[in-house]
Amino acid sequence: MPDQTVLSLRDVTLSFGPKIIQKNISLDVRKGSIFAVMGGSGCGKSTLLKSMIGLLRPSVGEYHVGDENYWAGSDAHRTDLNHRFGVLFQSGALWSSMTIGENIALPLQMFTNLKPPVIRRLVELKLGFVGMLQAIDLYPSEISGGMRKRAGLARALALDPDILFFDEPSAGLDPITSARLDDLILNLRDGLGATIVIVSHELSSLFHIADDGIFLDAKTKIPIAHGSPRDLRDNCTDPQVHAFMHRERDEEGNK
Amino acid sequence: MTDKTNTGPSSNAPENAPQWRLEGEQNATVMVLSGIWQARTGTIPVFPKDGLPKTPEGHLSFETSGIQAWDTGLIAFLWDLKRVAHDAGISLDMQTLPGPMRQLLELLPEAPDDPVHHKSPRPPLLEAVGRRSIASMTEVGVVSELAALTAKGAVQTILGRSRMRLSDLLANTSDAGPYALLIVGIVNFLIGAILAFVGAVELQKFAAGVYVASLVGIAMVREMAAVMTAIIMAGRTGGAYAARISTMQGNEEIDALNVFGIQPSTYLILPAVLSLIITMPFLYLYGCLIGMLGGFVVSISMLDITAAGYFHQTVTSFGIGQFIFGFVKSIVFGAFIGLTSCRIGLKAGRSAADVGIAATRAVVVGIVGVIAIDAIFAVIADVLGI
């Protein structure tokens with residue numbers, strides 16, 4: 001079933017009180033795909049991600065995770081669905097009072113009945129995936145930004161989620177680290193069979209890894225294009241999207 | 001045909017349990033895996049460290065068709081195997097693993113680096129005491145230096161060479177002053193009332209009930225109003241300063257000030273300290289009055305003292321010297337709370353946990369320090385005969 005839809009939004013409107021962030025968002029994320037949420041600064045990319053991981057209830061519209069209506073159920077039901085999610089926050093969002101190892105162990109301690117040695121083994125495994133095994137006993141304040149991101153990724157993998165959300169995974173990383181992170185994401189997708197939703201405006205990384213996507217416009221507050229970043233770059237005629245994908249300045253893009 | 005079979009510990013476990021066994025020749029072994037290999041079940045076996053014979057040039061291939069379901073639990077087992085095989089000099093035939101398993105397994109190192117430990121061993125007792133003593137003496141020096149810098153900032157501000165923003169001072173002052181009136185009032189009222197109760201019990205035995213007014217008056221003016229107000233301000237305002245400045249530290253806001261050449265001591269600490277120095281004496285006076293009111297309410301309702309008698313007894317019980325004594329104390333308390341809490345905020349680390357530690361420490365140091373300073377004042381007053 002290659003075209004099975006894992007996440008779907010139907011006519012979703014996101015708003016903070018009376019202020020509308022984005023409206024008429026409809027999208028389908030296929031199983032095993034890497035789905036990019038693109039757009040200029042302030043267009044609501046991160047807000048859309050927030051809504052998809054259950055931190056912001058849309059004012060209008062429906063959100064399905066698998067066959068389940070995400071917002072229709074109880075809080076407990078949503079928590080269960082959230083266990084299918086792994087989220088990498090923009091700056092890692094590691095809990096600063098715990099070591100890296102404890103950060104990854106916490107979800108396992110809270111939501112499984114595994115014994116401490118088994119948890120330790122899984123923590124080592126997840127850190128091994130991201131190449132951070134040596135930092136298991138360090139505190140988040142003792143490691144660099146790039147390492148914090150990788151540790152955040154290891155924590156996102158803690159409960160073996162089948163849907164991963166990445167908020168700006170390569171922001172603030174040097175090109176080499178960022179390219180390595182891209183390869184890691186591809187490896188994890190292929191290895192775990194996970195579905196990945198990624199918010200980013202790092203074009204080179206998007207062209208490299210994403211195979212589907214949506215483009216949000218900040219001015220009209222609606223999505224203006226659907227498709228993979230590569231496809232949008234080569235075929236999209238919308239001046240906004242064209243400008244974004246080819247790094248043109250606004251006035252050139254609007255000619 | 002099978003001349004060596006090594007079986008996992010769970011070979012007679014229930015159906016679907018993860019099972020493994022080694023089959024085949026000395027240097028062409030096959031690892032046969034079957035069952036459900038999921039981490040959440042908690043049944044993933046550990047591959048024994050001596051599970052493979054030491055045969056250099058040996059090969060190990062995989063037979064995975066018996067696996068019904070798997071997740072990273074299987075990878076954990078394969079990683080064990082990978083490390084043991086590496087130690088035994090046996091090469092794994094990765095091509096016999098399905099693609100996803102191979103990709104994940106290839107991410108994992110064969111021989112893990114030694115973990116970096118951040119914890120240094122606990123120093124011996126004497127050394128720990130010594131370190132603590134040096135650290136606290138240093139801290140006294142640093143706080144004094146900070147006080148000097150802040151005072152210098154104040155002088156420069158008056159001379160117009162350095163800038164403290166007046167709006168910051170006003171914001172800090174209104175937060176430390178008017179907004180604290182309610183809690184300072186409630187606490188001092190209750191303290192006055194409690195003193196009156198305590199005094200009444202003893203004094204009435206000697207038909208000296210009217211001296212309750214003197215007791216409440218002297219106690220409030222000399223000690224209680226200043227100390228209680230300072231304790232409230234240490235908890236309320238000192239904790240807030242420490243938390244605010246340590247959060248700024250975490251956001252690199254202090255670094256930004258330094259780069260612009262804006263002295264944190266003038267820009268941040270001066271308004272904070274000054275606002276406490278300005279408001280504390282007024283809060284002290286207000287606390288005295290409210291405390292006496294508390295004593296008055298109890299005396300009128302419980303003892304046979306007239307309002308005029310209470311008033312007269314209060315006014316004659318203490319002189320202006322006592323007032324000045326309390327007044328000076330409250331100014332010193334204000335400066336102490338402001339300086340220490342800002343210093344603790346500046347010294348704090350950059351994480352969320354550090355903000356909590358800084359706020360706690362500011363409150364503890366503030367309260368203990370206020371009471372210690374009050375004791376010093378009591379000795380000085382005794383010597384001077386105030």
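**Entry 1: helix H5 of chain B**

I began with burial in H5(B), where Val184(B), Val187(B), Asn188(B), Ile191(B), Gly192(B), Leu195(B), Ala196(B), Gly199(B) and Ala200(B) are buried. I note that the model is predicted. I then looked up what these buried residues pack against, and found helix H6 (212–250) and helix H8 (264–302) of chain B. For the helix itself, I recorded residues 181–203, which makes 23 residues. From first C-alpha to last, H5(B) reaches 32 Å, close to the 33 Å expected at 1.5 Å a residue.

**Entry 2: H8 and H10 of chain B**

I next examined H8(B) together with helix H10 (residues 320–347) of chain B; their axes come within 8 Å and cross at roughly 150 degrees. Angles over 145 degrees count as roughly antiparallel, and I therefore entered H8(B) and H10(B) as roughly antiparallel to each other. I recorded the hand of their crossing as right-handed.

I listed the residues that make the contact. H8(B) contributes Pro264(B), Leu268(B), Ile269(B), Ala272(B), Val273(B), Leu276(B), Ile277(B), Met280(B), Pro281(B) and Tyr284(B). From H10(B), I noted residues including Gly326(B), Phe327(B), Ser330(B), Ile331(B), Phe333(B), Gly334(B) and Cys342(B). By character, the residues of the contact of H8(B) with H10(B) are 18 nonpolar and four polar, with no charged residue.

**Entry 3: chain B against chain A**

I turned to the two chains and found 27 residues of chain B in contact with 27 residues of chain A. On the chain B side, the elements giving two or more residues are helix H1 (72–88), helix H2 (99–107) and helix H11 (352–384). I noted that H2(B) supplies the largest share of that side, five residues. I also recorded the composition of the side of chain B that touches chain A: 14 nonpolar, eight polar and five charged residues.

**Entry 4: Leu232 of chain A**

Finally, I looked up Leu232(A), which lies in helix H8 (residues 229–235) of chain A. I asked whether Leu232(A) is buried or exposed. It has 24 C-beta neighbours inside 10 Å and therefore counts as buried, the cut-off being 20 or more.

Leaving aside neighbours within four places in sequence, I found Leu232(A) in contact with Phe215(A), Ala225(A), Gly227(A), Val241(A) and Met245(A). I also checked Leu232(A) against Arg148(A): the two are 84 residues apart in sequence and, C-alpha to C-alpha, 32 Å apart in space.

How values were computed:
Residues are numbered from 1 along each chain as its sequence is written. Chains are lettered from A and ligands numbered from 1 in the order in which they are written. This is a predicted model: local features need pLDDT of at least 70, side-chain atom pairs count only at pLDDT 80 or more; totals for chains, interfaces and linings use all residues. Helices (H or I, at least four residues) and strands (E, at least two) are DSSP runs, numbered from the N terminus. The expected span of a helix is 1.5 Å times one less than its number of residues. A residue is buried if 20 or more other C-beta atoms lie within 10 Å of its own, exposed if 12 or fewer, and partly exposed in between; C-beta atoms are placed from the backbone. Two residues are in contact if their C-beta atoms, placed from the backbone, lie within 7 Å. Axes are lines fitted to C-alpha atoms, for helices over the stretch in contact, and angles run from 0 to 180 degrees between N-to-C directions. Angles under 35 degrees count as roughly parallel, over 145 as roughly antiparallel, 65 to 115 as roughly perpendicular and the rest as oblique. A crossing is left-handed if the near helix is turned anticlockwise from the far one by less than a right angle, and right-handed if clockwise. Ala, Val, Leu, Ile, Met, Phe, Trp, Tyr, Cys and Pro count as nonpolar, Asp, Glu, Lys and Arg as charged, and the others, Gly among them, as polar.
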